[in-house]
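Hi everyone, thanks for coming. I'll walk you through one protein model today, element by element, so have the picture open while I talk.

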Amino acid sequence: MEDEKLLQLVTDIGFHMLSYGGEIYRVEETVKRICSAYGVDGADIFAIPSAIIVSITNQNKTCSKTRRLLTKGTDLDKVDRLNDLSRRLCRE
């Protein structure tokens with residue numbers, strides 16, 4: 001998968017986990033594991049309740065993406081489904 005598409009994917013997953021009430025550490029860990037599973041040389045993830053910033057480095061090229069959360073709710077079922085998705089991405 002090309003870096004920009006992977007960056008979009010992992011940022012979206014992290015963003016949705018945050019917006020549905022996922023814990024900060026879980027969001028950061030999930031995004032980092034997916035990046036590692038796709039062979040990224042380095043990944044830096046910074047999440048706070050209102051934003052997520054993801055940078056990936058591959059072959060000395062760095063791409064970054066920032067998403068800001070304007071609304072937040074709690075839907076732990078959706079967080080659980082995103083966790084399942086991330087596990088499948090890492091496994092396959």
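Let me begin with a definition: the expected span of a helix is 1.5 Å times one less than its number of residues. And please keep in mind that what you're looking at is a predicted model.

Let's try that rule on helix H3, residues 76–91. H3 has 16 residues, and from its first C-alpha to its last it reaches 22 Å, close to the 22 Å expected. Which residues of H3 are buried? They're Val79, Leu82, Asn83, Ser86 and Leu89. Looking down the axis of H3, you'd find those buried residues within an arc of 120°, so they line one face of the helix. If you're wondering about the spacing, here's the general idea. An α-helix has 3.6 residues a turn, so residues three or four places apart point the same way. As for what covers the buried residues of H3, that includes H1 and H2.

Okay, on to H2, which runs over residues 24–37. How far apart should its ends be, at 1.5 Å a residue? Its 14 residues should span 20 Å, and the end C-alpha atoms are indeed 20 Å apart, so that agrees. The buried residues here are Val27, Thr30, Val31, Ile34 and Cys35. Down the axis of H2 they fall within an arc of 130°, so again they line one face of the helix. Turn to the face away from that buried side and you meet the exposed residues Tyr25, Arg33 and Ser36. The buried residues of H2 are covered by elements including helix H1, strands E1 and E2, and helix H3. Just after H2, have a look at Gly39, which takes a positive phi of about 80°.

Now H1, residues 3–19. At 1.5 Å a residue, the 17 residues of H1 should span 24 Å, and since the end C-alpha atoms are 24 Å apart, that agrees too. H1 has a long list of buried residues, so I'll just pick some: among them are Leu6, Leu7, Val10, Ile13, Phe15, Met17 and Leu18. What do the buried residues of H1 pack against? They pack against H2, E1, E2, E3 and H3. Just after H1 there's Gly21, with a positive phi of about 100°.

Let's move over to the strands. E1 and E2 pair in the antiparallel sense over seven bridges, and a hairpin joins the two through two residues. Follow the side chains along E1 and you'll see them alternate. Ala43, Ile45 and Ala47 point to one face and are buried, while Gly42, Asp44, Phe46 and Ile48 point to the other and are not.

Next comes E2 with E3, which is residues 61–68. Those two run antiparallel as well, joined by eight bridges. Their hairpin has two residues between the strands, and Gln59 in that hairpin takes a positive phi near 50°. Here's a nice one to trace by eye: Val54 in E2 is the bridge partner of Ile45, and Val54 also stands opposite Lys65 in E3.

While we're in E3, find Thr66. Is Thr66 buried or exposed? Thr66 has a relative accessible area of 53%, and exposed means over 50%, so Thr66 is exposed. Setting aside its neighbours within four places in sequence, Thr66 is in contact with Ile52 and Ile53. Then, in the loop between E3 and H3, there's Leu70, which is exposed at a relative accessible area of 74%.

Last stop, the largest pocket. About 170 Å³ of space lies in there. The residues lining the largest pocket include Tyr25, Glu29, Thr30, Arg33, Asn83 and Arg87. Which elements give two or more residues to that lining? Those are H2 and H3, and H2 gives the most, with five residues.

Let me finish on one lining residue, Asn83. Asn83 is found in helix H3. Its relative accessible area is 8%, and buried means under 20%, so Asn83 is buried. Not counting residues up to four places away in sequence, Asn83 touches Met17, Arg26 and Thr30.

That's my tour, so over to you for questions.

Methods. Residues numbered from 1 in each chain as written. Predicted model: local features only at pLDDT ≥ 70, side-chain atom pairs only at ≥ 80, totals over all residues. Heavy atoms only, no water. Helix = DSSP H or I, 4+ residues; strand = E, 2+ residues; numbered from the N terminus. Buried < 20%, exposed > 50% of the residue type's maximum accessible area, 1.4 Å probe, protein only. Arc of directions from axis to C-beta. Contact = heavy atoms within 4.5 Å. Pairing = 2+ DSSP bridges. 1 Å grid on protein atoms, 1.4 Å probe; cavity = no way out; pocket = protein on both sides within 12 Å on 5 of 7 lines; lining within 4 Å. Points joined across faces, edges and corners; volume = space filled by probe spheres on them.
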